[in-house]
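Visitor: I would like to learn how to read a protein model, one feature at a time. Could we go through an example together?

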Amino acid sequence: MGMQVYQNNHFKVYKADYGFIIHNIDKGFETGHTHVQKYTTCMILIKLLVQKRTPKSRSKYFLESLMRLSDDDNYKQQIQQLL
């Protein structure tokens with residue numbers, strides 16, 4: 001998987017060969033992780049998830065990453081409406 005470079009109460013970030021992997025530790029790895037290229041993107045995703053805020057970005061991959069990482073059904077519905 002790679003070396004862990006960040007952790008908080010709900011998320012771990014790993015350095016991978018081609019970017020980073022974010023894992024919601026409250027979910028299984030298969031259903032609760034996503035891959036991104038930049039560390040700053042990891043931190044933005046985590047901040048949005050913790051604060052349950054919708055992003056300015058309308059990138060399909062970014063929104064799908066939020067949905068994959070979230071364990072809050074109401075928040076997932078908000079993100080789904082943006083897709």
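Guide: What follows is a walk through some features of this model, which is a predicted one.

Visitor: Let us begin with burial. Is Ile 21 buried or exposed?

Guide: Ile 21 counts as buried because its relative accessibility is 6%, and buried means under 20%. Ile 21 sits in strand E3, which covers residues 19–24.

Visitor: Which residues does Ile 21 touch, leaving aside its neighbours within four places in sequence?

Guide: Its contacts are Met 1, Lys 12, Val 13, Tyr 14, Ala 16, Phe 29, His 33, Thr 34 and His 35. Two of these partners can be followed further. Ala 16 belongs to strand E2, residues 11–16. With residues up to four places away not counted, Ala 16 touches Met 1 as well as Ile 21.

Visitor: Is Ala 16 buried or exposed?

Guide: Ala 16 has 19% relative accessibility, so it counts as buried; the cut-off is 20%. Distance along the chain and distance in space are separate readings. Ala 16 and Met 3 are 13 residues apart along the chain, and their C-alpha atoms are separated by 7.3 Å. For Ile 21 and Ile 44, the separation is 23 residues in sequence and 13 Å in space, C-alpha to C-alpha.

Visitor: And the other partner, His 33: where is it found?

Guide: His 33 is part of strand E4, residues 33–36. Its relative accessibility is 9%, so His 33 counts as buried. Beyond four places in sequence, His 33 has contacts with Ile 21, Ile 22, His 23, Arg 68 and Leu 69. There is also a polar contact, at 3.4 Å, between the side chains of His 33 and His 35.

Visitor: What does an exposed residue look like in these terms?

Guide: Take Tyr 18, in the loop between E2 and E3. Tyr 18 counts as exposed because its relative accessibility is 78%. The C-alpha atoms of Tyr 18 and Lys 38 are 9.4 Å apart, with the two positions 20 residues apart along the chain counted as their separation.

Visitor: How are aromatic rings read?

Guide: A pair of aromatic rings is described by the distance of the centres and the angle of the planes. In this model the count is one aromatic pair. A ring can also have a charge over its face: Lys 15 lies over the face of Phe 20, at 4.9 Å from the ring centre.

Visitor: How does one find a pocket?

Guide: Rolling a probe the size of a water molecule over the atoms shows where empty space is left. Here the largest pocket has a volume of about 190 Å³.

Visitor: Which helix gives the most to the lining of the largest pocket?

Guide: Helix H1, residues 39–51, gives the most, with four residues. The residues lining the largest pocket include Ile 44, Leu 48, Pro 55, Ser 57 and Phe 62.

Visitor: What surrounds Phe 62, beyond its neighbours within four places in sequence?

Guide: Phe 62 is in contact with Thr 41, Ile 44, Leu 45, Leu 48, Pro 55 and Ser 57. Phe 62 lies in helix H2 and counts as buried because its relative accessibility is 14%. From Phe 62 to Thr 34, 28 residues apart along the chain, the C-alpha separation is 9.6 Å.

Visitor: One last feature: the backbone angle phi.

Guide: Most residues other than glycine have a negative phi. Lys 52 has a positive value, near 55°, and is not glycine. Lys 52 is located in the loop between H1 and helix H2 (60–69).

Visitor: How accessible is Lys 52?

Guide: Its relative accessibility is 42%, so Lys 52 counts as partly exposed.

How values were computed
Residues are numbered from 1 along each chain as its sequence is written. This is a predicted model: local features need pLDDT of at least 70, side-chain atom pairs count only at pLDDT 80 or more; totals for chains, interfaces and linings use all residues. Side-chain values use heavy atoms; hydrogens and water are left out. Rings of Phe, Tyr and Trp (its six-membered ring) pair if their centres lie within 6.5 Å; planes under 30 degrees apart count as stacked, over 60 as edge-to-face and the rest as tilted. A charge sits over a ring if NZ of Lys or CZ of Arg is within 6 Å of the ring centre and within 35 degrees of the ring normal. Helices (H or I, at least four residues) and strands (E, at least two) are DSSP runs, numbered from the N terminus. Buried means under 20% relative accessible area, exposed over 50%, partly exposed in between (1.4 Å probe, protein chains only). A polar contact is a pair of N or O atoms within 3.5 Å; within protein, one must be able to donate a hydrogen and the other to accept it, and residues adjacent in sequence count only if both atoms are side-chain atoms. Contact means heavy atoms within 4.5 Å. On a 1 Å grid over the protein atoms alone, a cavity is a set of points where a 1.4 Å probe fits but cannot get out, and a pocket is an open set with protein on both sides within 12 Å along at least five of seven lines; lining residues have an atom within 4 Å of a point. Grid points are joined across faces, edges and corners, and a volume is the space filled by probe spheres set on the points.
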